[in-house]
Protein chains: 2
Amino acid sequence: MSSIVHVALGERSYDILIRDGLLGQLPELLRPLKLGRCCAILTDATVSPRYATAVRDALTAAAWSVSVHTVPSGESSKSLSVAGKLYEELAEARLNRRSFVLALGGGVVGDLAGFIAATFLRGVDFVQVPTTLLAMVDSSVGGKVAINLPQGKNLVGAFYQPRIVVADTATLASLPEREFRAGVAEVIKYGVIYDAVLFAELERELPALMAKDAAVLGRVIARCCEIKADVVSKDERESGLREILNFGHTVGHAIEAVTEYGTYLHGEAIAIGMVAAARLSQKHGGLAEADVARIEALLRRAGFDLQPPDVSFDQLLDAMRSDKKARDGGLRFVLARRIGEVFSSDAVSESDIKEVLHVSRR
Amino acid sequence: MSSIVHVALGERSYDILIRDGLLGQLPELLRPLKLGRCCAILTDATVSPRYATAVRDALTAAAWSVSVHTVPSGESSKSLSVAGKLYEELAEARLNRRSFVLALGGGVVGDLAGFIAATFLRGVDFVQVPTTLLAMVDSSVGGKVAINLPQGKNLVGAFYQPRIVVADTATLASLPEREFRAGVAEVIKYGVIYDAVLFAELERELPALMAKDAAVLGRVIARCCEIKADVVSKDERESGLREILNFGHTVGHAIEAVTEYGTYLHGEAIAIGMVAAARLSQKHGGLAEADVARIEALLRRAGFDLQPPDVSFDQLLDAMRSDKKARDGGLRFVLARRIGEVFSSDAVSESDIKEVLHVSRR
């Protein structure tokens, strides 16, 4: 079964294609876009040996001129120095304004490649080929691209939409269990923020999803992309609605920052953050206690360790306050009224947060 | 006399204000824009001692929180390493998404500050306060922002419009003669590409313009901004019409590149390029010989040395071919049909170029 999700953004609209085996059809999928004939594939050291040669050969056979640029795996590649090296490689490869950048990999590769595409020659076409669950349901959709500074993550970037997203679910077979699970945290998030039916489906189908059942995987990923596409269409530049995508992220980001991004995968930190956000929602959003329990139970069944790290509350609070979304001083939370409906709130106090984290730690 | 030129770009529209003494009114001019209360002034070592303190104090008095960031003067500041240092300074200054970047200086400062504004926190508001003639009539208007790579100028950048451009013509009093003249080359260009009346006015009023007569200066700058605004409104991202702004630039850029940006100011190289383009226009565009002579005479009266540098033709040709606008291999020229009307052409041959440059060198 193949799914197409359309992201409606006027002249910046594009499709997300989701199916098992799409990588082999990349040339046919790209041809209607009338991209230039030079392509720079940007990938990382983990993904490159698995898929880069096949993608390059397929594009070369279809008469594209292709260069492959491989960066080290991991968050540290989202830096200005790696970006600078890539710019010089693209300039040496004589890419022109009609050339395009193809991101082949997970969130790090997509964010970095997107930033390069947004800025090289003042912007060239950009194609996303996500190979992780997290990238398929989240980072490859919506146009947020960025690199990190020593002072914080994603502090330099752009809103820059891809021309197409090609999600081949077959690439998830080689994804390590732990990384796959981390993606599931974001999948569960979509249920909580937007779709009670999806949430109930996840409660039913979690074993099949965790076993990477192709049908469930395709359906769930497509639904998550639909939700993100809907949110992004209504608020491309994150001036309002888009904020709801950050459910669980206020605490989650702080946990990642305090542990210096070395202990938790993004999804693992977000899982802990979602439990905190659910509990805060009970107090400030009217979320039923039974629904708090359902959210926590689903995350637990997915295999997440939901206990917050053993760090001081003040450290976490500091990290929350220095997040770029909180830079006007106040703390901002996305809270749930019920499963499937959330809102943004400034009403959460420090002691509220302390309390819910304390409950988790017992 | 005060002039307001509106740049019509939908939700990205803005005004260019031109008048003697506007710097002192900056707070009142910015207030209607509802910018955030933090401002980062980006300036260079030449402009900073003259104007940065006054601007900072005026904004501070109007309750803005202001930081000043000074980069070395000159093209070398349009680098990724200087940008990286600025990003870190802005992060340390805790700018948030509602903060704005104010470019105070010439083209280098405007291009660099615009690139920073376009990418810091995925884009913050941007204000242009140009202090050179070139920046007032050209680089501060139209949203092209960029930094350089070792491989070439402006290879990394964005299209990012300012919220307002405030051109205080009083700042031109302190501009060195040579830099002022270089700006006049672009002024003459606007006459050639778009406005025979402006060209004729320049023929009449050149002495007053060169003497920085306030009335002539204000009128001429406003007309140049109107022309650029009109062109940019019709083609924001340089997919067609905007190319006409590059009259004289194919040869001009090559001269700058071959002499490693150390011999000629941009306008000085463009002046030589315009003579070449005018002569090519006689052959390929039907420009009358008398009009070629008028263009050359006006540039000469403005004080330009119109003899091409003593470099080999092959070097120049190489540089023309590696310009990012020519990266598909062909050479592209903007040619004139008559003064006030130009078009883009692929018809110019290498021997045509050689011939016109040879004529100039005799």
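Two strands pair if DSSP finds at least two bridges between them. Helices (H or I, at least four residues) and strands (E, at least two) are DSSP runs, numbered from the N terminus.

This is a predicted model, in which local features need pLDDT of at least 70, side-chain atom pairs count only at pLDDT 80 or more, and totals for chains, interfaces and linings use all residues. Residues are numbered from 1 along each chain as its sequence is written, while chains are lettered from A and ligands numbered from 1 in the order in which they are written.

**Exercise 1. Strand β6 of chain B**

Task: Find the strands that pair with β6(B), and state the sense of each pairing.

Solution.
1. Start with β5(B), residues 100–105. β5(B) and β6(B) are parallel, with 6 bridges.
2. Pick out one position. B:Gln128 of β6(B) has B:Ala103 opposite.
3. Follow the chain. It leaves β5(B), passes through α4(B) and enters β6(B), a β-α-β crossover that is right-handed. Right-handed means that, with the strands pointing away from the viewer, the path from the first strand over the helix to the second runs clockwise.
4. Turn to β9(B), residues 164–168. It runs parallel to β6(B), joined by 2 bridges. Here B:Ile164 is the bridge partner of B:Val127.

Task: Decide whether the residues of β6(B) are buried or exposed.

Solution.
1. Apply the cut-offs. A residue is buried if 20 or more other C-beta atoms lie within 10 Å of its own, exposed if 12 or fewer, and partly exposed in between; C-beta atoms are placed from the backbone.
2. Sort by direction. B:Asp125, B:Val127 and B:Val129 point one way, while B:Phe126, B:Gln128 and B:Pro130 point the other way. All are buried.
3. Conclude. Since 6 of the 6 residues are buried, β6(B) is largely enclosed by the rest of the structure.

**Exercise 2. Helix α3 of chain B**

Task: Compare the span of α3(B) with the expected one.

Solution.
1. Take the rule. The expected span of a helix is 1.5 Å times one less than its number of residues.
2. Apply it. α3(B) covers residues 80–92, 13 residues, and 18 Å is expected.
3. Check. The first and last C-alpha are 18 Å apart, close to that value.

Task: Identify the buried residues of α3(B) and what they pack against.

Solution.
1. List them: B:Ala83, B:Leu86, B:Tyr87 and B:Leu90.
2. Look down the axis. These buried residues fall within an arc of 105 degrees, so they line one face of α3(B). The arc is that of the directions from the helix axis to the C-beta atoms.
3. Find the partners. Packing here rests on contact: C-beta atoms, placed from the backbone, within 7 Å. In chain A the partners are β7 (144–149) and β8 (152–159). In chain B they are β3 (38–44), β4 (65–71), α4 (107–119) and β7 (144–149).
4. Step past the end. B:Arg94, which follows α3(B), has a positive phi near 55 degrees.

**Exercise 3. The two chains**

Task: Work out how chain B is related to chain A.

Solution.
1. Recall the principle. Two copies of a chain are related by a rotation about an axis and a shift along it.
2. Read the values. A turn of 180 degrees and a shift of 0.0 Å along the axis lay chain B on chain A with an RMSD of 0.0 Å. Copies are superposed by least squares on the C-alpha atoms of residues with pLDDT of at least 70 in both.
3. Name the relation. It is that of a two-fold axis.
4. Locate the axis. In chain B, the C-alpha of B:Leu80 is nearest, 4.0 Å from the axis.
5. Compare the interfaces. 100% of the interface residues of chain B are also interface residues in chain A, so the copies meet through the same surface.

**Exercise 4. Positive phi**

Task: Place A:Tyr261 and B:Lys34 in their loops.

Solution.
1. Note the background. Most residues other than glycine have a negative phi.
2. Take A:Tyr261. Its phi is positive, about 60 degrees. The residue sits in the loop between α9 (249–258) and α10 (266–284) of chain A. A:Tyr261 is partly exposed, with 17 other C-beta atoms within 10 Å.
3. Take B:Lys34. Its phi is positive, about 55 degrees. Its loop lies between α1 (26–30) and β3 of chain B. B:Lys34 is exposed, with 9 C-beta neighbours inside 10 Å.

Key: Contact = placed C-beta atoms within 7 Å.
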